[in-house]
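Visitor: Please show me the model, and then let me ask how its labels are justified.

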Amino acid sequence: MAPELGSYQYVTETKENLDWADLITLDLSKYGTPEGNKELADFLIRAIREKGFFYVKNFNISQERVNRQFAMGREFYELPLEEKLRYVPDLDNGKFNGYTPAGRRIVDEATGLRDRIEIYNIPKFNGYFPQDHPAPVKERLEEVEEFARSLHTEVLDPLFVLLAIALELPEDYFTNIHKYEEKSEDHLRYMKYSKYSPEENARIHHWGRGHTDLGSFTLLFRQPVAALQIKDHTTGEWKWVKPQDGTLTVNACDALTFLTGGYVKSTIHRVTVPPTGQQHVDRLGLLYFSRPHNDIKLHTVKSPLLEREGYTQNEFEASGNPVPTMEEWTFAKQKWQRTPNRSYADNAYRTATILPGFKEKVYDELPTGSGTVSVSA
């Protein structure tokens, strides 16, 4: 019998008047009728073409279940470091399920200050990913599995149907390449950003540099410590993402960009220093990363809309290089992301060739004298 989880107390939201992004909200209570689906599909494609991030509400997962996942994440991070280190995978070769300790990246060249970001990834429960877990997770593994599976049925499957409708494809096109039962590198994540001192924050400017995620959609549960910023696709301006009650924040990722020849834009985002009134607390995140099946080749799909709009080749196809499978893409980018002891001031690292035909890009410039790093998903 697992011990009782204590209640989870969220940090009070900031009162500062930040430059918030104006994001679309998809109301999934409208999902399931031809009229509702058409309206939501129009909203979705506009959101991921213009902004990249959007909110989802009424997704049929209770706040109590969400709170319990945050509480499990809190309990995991309260474990002694030596216990957490038992669950570190082969990070140097791109493995990512399990625990990634803080301190692998240099965030300030002058002082040698390192990152304080910890990650615990839990893969899909479909038989392909045997993994041992520490007690806070292992004792409640059935609950974690039920929660992860519900994110597919209640959130991701509807979003993939809506995306297919928007692109004038068969409605099951994207759900057929994102089945829970198939082998893919989806994972649930508990993620902790430990606080810095005011003096350290003044030096590092951002906790994580601008980046894109490598999969299909990333689901981010409401996090009241304001720190997430997105780069507006239209204006190029950085905007804060406001935590909204009862919503998920969702962003489109690299795999959808490849599959749509660049029509769906992978969202550029970063985690910056929180407002002054929230800098004294740690920031715990709950996320889910969705990815196509490992054996899917990332060719541009044959969509009537994409054909009409001229989006018929992605970067690999346009360069004449081999188009990778999702597995090849995932582990190439993960290996680059998890290169130890790298500084964001290293231009060779920042613009490395991940695979022939694809070079990383610089999404935000370094402030003078800074040496911060990119932390991607």
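Guide: Lys30 is partly exposed, with a relative accessible area of 36%. This is a predicted model, in which local features need pLDDT of at least 70 and side-chain atom pairs count only at pLDDT 80 or more, while totals for chains, interfaces and linings use all residues. Residues are numbered from 1 along each chain as its sequence is written, and side-chain values use heavy atoms, with hydrogens and water left out.

Visitor: Why is Lys30 called partly exposed?

Guide: Buried means under 20% relative accessible area, exposed over 50%, and partly exposed in between (1.4 Å probe, protein chains only). Lys30 has 36%, so it is partly exposed. Glu39, at 33%, is therefore partly exposed too.

Visitor: What makes Lys30 and Glu39 a salt bridge?

Guide: A salt bridge is a side-chain nitrogen of Lys or Arg within 4 Å of a carboxyl oxygen of Asp or Glu. The closest N and O atoms of Lys30 and Glu39 are 2.8 Å apart, so the pair qualifies. By this rule the count comes to 26 salt bridges.

Visitor: How do you know that Lys84 and Glu118 form a salt bridge?

Guide: Their N to O distance is 2.9 Å, so the rule is met. Both residues, Lys84 and Glu118, are buried.

Visitor: And why is Asp132 with Lys138 called a salt bridge?

Guide: The closest N and O atoms of Asp132 and Lys138 lie 3.2 Å apart, so this pair also falls within the limit. Asp132 has a relative accessible area of 42%, so it is partly exposed.
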